[in-house]
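Q: Hello! I have just opened this model and would love a friendly, close look at one part of it.

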Amino acid sequence: MIVPTSLTDSVRPLTTNIALEMGYAAGVHQEMLFATGIVLFSFILILNFVLAKISARGAN
């Protein structure tokens, strides 16, 4: 794993990483890609919940 050291380093989004690597992943690698998907799903779920609450509060 290569960690970016500055803001100008290139990065690969997590969704792209899952899509590109799922075809040849096996074992622990595949499990980690699924775990990454669960983290992304959880983050989006929480973000949608928070934004819905903010939106509902603003509509009153």
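What radius of gyration does the protein have, and what would a compact globule of 60 residues have? After that, please take me through helix α1, residues 14-21.

A: Happy to help! This is a predicted model, in which local features need pLDDT of at least 70 and side-chain atom pairs count only at pLDDT 80 or more, while totals for chains, interfaces and linings use all residues. Residues are numbered from 1 along each chain as its sequence is written, and side-chain values use heavy atoms, leaving out hydrogens and water.

The protein has a radius of gyration of 16 Å, whereas a compact globule of 60 residues would have one near 10 Å. That radius is taken over C-alpha atoms, and the globule rule is 2.2 Å times the number of residues to the power 0.38. Along the principal axes, the C-alpha atoms fill a box of roughly 50 × 30 × 15 Å. There are 2 helices and 0 strands; these are DSSP runs numbered from the N terminus, with helices (H or I) of at least four residues and strands (E) of at least two.

Now to α1. Its buried residues are Asn17, Ile18 and Glu21, where buried means under 20% relative accessible area, exposed over 50%, and partly exposed in between (1.4 Å probe, protein chains only). Seen down the axis of α1, these buried residues fall within an arc of 100°, so they line one face of the helix. The arc is that of the directions from the helix axis to the C-beta atoms. This fits a general pattern: an α-helix has 3.6 residues a turn, so residues three or four places apart point the same way. On the other side of α1, Thr15, Ala19 and Leu20 are exposed.

What covers the buried face? The cover includes α2, which spans residues 28-59. Thr36 sits in α2 and, leaving aside neighbours within four places in sequence, is in contact with Leu14 and Ile18; contact means heavy atoms within 4.5 Å. Thr36 is itself buried, at a relative accessible area of 18%. Across the protein, 10% of the 60 residues count as buried.

Glu21 has one more role to show you. Glu21 counts as buried because its relative accessibility is 13%, yet it forms a salt bridge with Arg12, the closest N and O atoms being 3.7 Å apart. A salt bridge here is a side-chain nitrogen of Lys or Arg within 4 Å of a carboxyl oxygen of Asp or Glu, and the count by this rule is 1. Arg12 is partly exposed, at 44% relative accessibility.
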